[in-house]
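Trainee: Hey, got a minute? I'd like to walk through this structure with you.
Mentor: Sure, let's open it up.

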Amino acid sequence: MSQPGIVADTAKALILARGGIIRTREAISLGIHPRTLYSLRDSGELEQLSRGFYQLKGRTPLEYPDLVTVALRVPNGVLCLVSALSFHEMTTRIPHSVSVALEKGAEQPGIEYPPVTVFRVSPSCFRVGIETHQLDGVPVKIYSPEKTLVDCFKFRNRIGMDIVLEALRLYRHRTQKNLHALMQYAEVCRVASVMKPYLEATL
């Protein structure tokens with residue numbers, strides 16, 4: 001029978017090999033018994049970031065803990081709006097929750113922390129402009145700057161025109177802009193007519 005210390009060391013090595021962060025079901029699939037996981041948590045060697053999601057203590061702190069947590073807990077979602085604006089440096093606002101887009105009809109995510117704001121979009125609008133960025137070793141789906149700007153106009157009544165106009169000004173100063181993609185996304189998401197006067201005045 002294995003000694004508890006050896007079991008714990010093996011578990012930590014397995015978690016470290018996955019970047020130092022792990023979900024409960026992933027740990028179980030690797031052969032780590034839930035008792036071992038909870039023992040590491042109770043001893044302070046694992047930090048519980050949210051329900052069923054752990055980070056190995058002593059590891060370099062995550063640069064994007066909230067975004068990584070949501071990406072792992074809501075794998076069918078895409079980070080959008082103010083969260084995407086913040087990532088792309090197109091806002092001076094500090095997000096108070098993680099904005100995530102889901103297709104209409106998708107299951108509501110069951111996540112307690114960090115706070116999440118869900119935006120429901122049509123399948124055609126949901127599927128365009130998705131980028132995948134490696135954040136803290138985790139692939140995270142985030143809408144491109146152009147798609148994010150389109151979404152800001154689409155949800156302008158929910159986020160406020162002050163945020164939309166600031167995003168547009170900051171987008172104008174980006175060295176890399178794709179105006180063709182911007183207009184394509186605007187057409188797909190049916191906000192081209194709303195955006196056109198602002199684009200003509202700003203870009």
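Mentor: Start with Lys147: its side chain reaches the backbone oxygen of Cys125 at 3.1 Å. Keep in mind that this is a predicted model.

Trainee: OK. Where does Lys147 lie?

Mentor: Lys147 is part of helix H7.

Trainee: And is Lys147 buried or exposed?

Mentor: Buried, because its relative accessibility is 0% and the cut-off for buried is under 20%.

Trainee: What does Lys147 touch, if I skip residues up to four places away in sequence?

Mentor: With those left out, Lys147 touches Cys125, Val128, Gly129, Tyr185 and Cys189. There's a ring to look at too: Lys147 lies over the face of Tyr143, at 3.7 Å from the ring centre.

Trainee: Cool. Switching to the nonpolar side: how many residues does the largest nonpolar core have?

Mentor: That core has 32 residues. Leu81, Leu149, Val150, Ile159, Leu182 and Met195 are the ones with the most contacts inside it.

Trainee: Which elements give two or more residues to this core?

Mentor: Quite a list: helices H5 (81–87), H6 (123–126), H7 (145–154), H9 (161–172), H10 (179–188) and H11 (192–202), along with strand E6 (116–121). The largest share, 5 residues, comes from H9.

Trainee: Can we zoom in on one of those? What does Leu182 touch, again without residues up to four places away in sequence?

Mentor: On that count, Leu182 touches Glu146, Leu149, Val150, Tyr171, Met195, Leu199 and Leu203. Apart from the core we've been discussing, there's another one of 21 residues, and Val68, Leu79, Val98 and Leu135 are among them.

Trainee: Is there a general idea behind cores like these? What tends to happen to nonpolar side chains in soluble globular proteins?

Mentor: They tend to be buried together.

Trainee: Now rings. How many aromatic pairs does the structure hold?

Mentor: It holds 3 aromatic pairs. One of them is Phe119 with Phe155, which is edge-to-face: 5.1 Å centre to centre, with 70° between the planes.

Trainee: Why does that pair tie together parts that are apart in sequence?

Mentor: Because Phe119 lies in strand E6 and Phe155 in the loop between H7 and helix H8 (156–159), so the parts it ties together are 36 residues apart in sequence.

Trainee: And are those two buried or exposed?

Mentor: Phe119 is buried, with a relative accessible area of 4%. Phe155 is buried as well, at 11%.

Trainee: Let's change topic to strands. How do E2 and E3 run?

Mentor: Strand E2 (residues 46–50) and strand E3 (residues 53–56) run antiparallel, joined by 4 bridges. If you want one to click on, Gln48 has Tyr54 in E3 as its bridge partner.

Trainee: What do E2 and E3 form?

Mentor: A hairpin, with 2 residues between the strands. Gly52 in the turn has a positive phi of about 80°.

Trainee: Which residue has a positive phi although it is not a glycine?

Mentor: Glu89 is one of them, with a phi of about 60°. You'll find Glu89 in the loop between H5 and strand E5 (98–103), and it counts as exposed because its relative accessibility is 67%.

Trainee: You said "one of them". What about Arg190?

Mentor: Arg190 also isn't a glycine and has a positive phi of about 60°. Arg190 lies in the loop between H10 and H11, and it is exposed, with a relative accessible area of 76%.

Trainee: Great, thanks!

Key
Residues numbered from 1 in each chain as written. Heavy atoms only, no water. Core = buried A, V, L, I, M, F, W, Y, C linked by side-chain atoms within 4.5 Å. Buried < 20%, exposed > 50% of the residue type's maximum accessible area, 1.4 Å probe, protein only. Contact = heavy atoms within 4.5 Å. Pairing = 2+ DSSP bridges. Polar contact = N/O pair within 3.5 Å; in protein donor to acceptor, adjacent residues only side chain to side chain. Phe/Tyr/Trp six-rings, centres within 6.5 Å; stacked < 30°, edge-to-face > 60°. Lys NZ or Arg CZ within 6 Å of the ring centre and 35° of its normal.
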